[in-house]
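Student: Please guide me through this structure by question and answer. I should like each reply to end on the value or name requested.

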Amino acid sequence: MSTLLAGIDFDAPSEEVARLLIGVTLLVDGIGGRIVETEAYDREDPASHAFSGPTARNASMFGPAAHAYVYRSYGIHWCLNFVCREAGHGAGVLIRAIEPVQGLDAMRARRGLMDARLLCSGPGRVCQALAVTREHNGLSLAAPPFELLPRAGDVDVVAGPRIGISKAMDVPWRFGLRGSPHLSKPFRT
DNA sequence: CTTAGGATCGCCT
DNA sequence: GGCGATCCTAAGC
């Protein structure tokens, strides 16, 4: 079985989906841009919300693939994930940064900021710029307000350790577009 | 340039 | 009560 969207099989392992998502365009209500940074999380992963099994918060992570898992971070920010694998597995990809392309003015207004480099360079910033909230949790990525467009050409993907976690620090499941100025942090290479 | 603190929700022990 | 898959601002070197 496979859940195809934007040329990606979302039933694949999250580290594979995370790598393939680099260069894909993400729009929410027509506003967004190119994904330049992702992180993979899996059920067998001490750093993952899914590690300790389903809860009210992470329920959509155990739902069908190619759906959104949105959670509140530090009680303040929203963070957007794409669910992977078959329903019930509990895997996902955190969208950490995008290169703003569509709706720059709307994003600037929502973020209260002019600098394009800082508009979407972090998981909380992405959700603020694209106006993603709890209301998007559990929604399919194959239908409005979401839109995923396949990447145009080849991309140069870098991998490294994930950010902001205290477990499984050695797992290189952070992926990025090499040299992009829109990353939340540069990769050391 | 690096570090420190505050904001404040949901789940954990 | 503690601790995050964070971000912003301010202060220090």
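Student: By class, how many residues of the surface near DNA strand B are nonpolar, polar and charged?

Tutor: In this predicted model, the residues around DNA strand B are Thr55, Ala56, Arg57, Arg72, Tyr74, Gly75 and Ile76. Sugar and phosphate make up 61% of the strand B atoms that come within 4 Å of the protein. Sorted by class, the surface near DNA strand B has 3 nonpolar, 2 polar and 2 charged residues.

Student: Which residue has a backbone N or O atom 3.1 Å from a base oxygen of DNA strand B?

Tutor: A backbone N or O atom of Arg57 lies 2.6 Å from a phosphate oxygen of DNA strand B. For the base oxygen at 3.1 Å, the backbone N or O atom belongs to Tyr74.

Student: Which strand gives the most residues to the largest nonpolar core?

Tutor: The largest nonpolar core has 47 residues, and Phe10, Leu21, Leu26, Leu80, Phe82, Ile95 and Leu130 have the most contacts inside it. With 5 residues, spanning part of 91-102, the element that gives the most to this core is strand β7.

Student: How many disulfides are there?

Tutor: A disulfide requires cysteine sulfur atoms within 2.5 Å. For Cys79, the nearest cysteine sulfur, that of Cys127, is 5.9 Å away. For Cys120, the nearest is also that of Cys127, at 9.9 Å. The count of disulfides is 0.

Student: Why does Cys120 count as buried?

Tutor: Buried means under 20% relative accessible area. Cys120 counts as buried because its relative accessibility is 1%.

Note on methods. Residues are numbered from 1 along each chain as its sequence is written. Chains are lettered from A and ligands numbered from 1 in the order in which they are written. This is a predicted model: local features need pLDDT of at least 70, side-chain atom pairs count only at pLDDT 80 or more; totals for chains, interfaces and linings use all residues. Side-chain values use heavy atoms; hydrogens and water are left out. A residue is near a molecule or strand if one of its heavy atoms lies within 4 Å of it. A polar contact is a pair of N or O atoms within 3.5 Å; within protein, one must be able to donate a hydrogen and the other to accept it, and residues adjacent in sequence count only if both atoms are side-chain atoms. Ala, Val, Leu, Ile, Met, Phe, Trp, Tyr, Cys and Pro count as nonpolar, Asp, Glu, Lys and Arg as charged, and the others, Gly among them, as polar. A nonpolar core is a set of buried Ala, Val, Leu, Ile, Met, Phe, Trp, Tyr and Cys residues joined through side-chain atoms within 4.5 Å. Buried means under 20% relative accessible area, exposed over 50%, partly exposed in between (1.4 Å probe, protein chains only). Helices (H or I, at least four residues) and strands (E, at least two) are DSSP runs, numbered from the N terminus.
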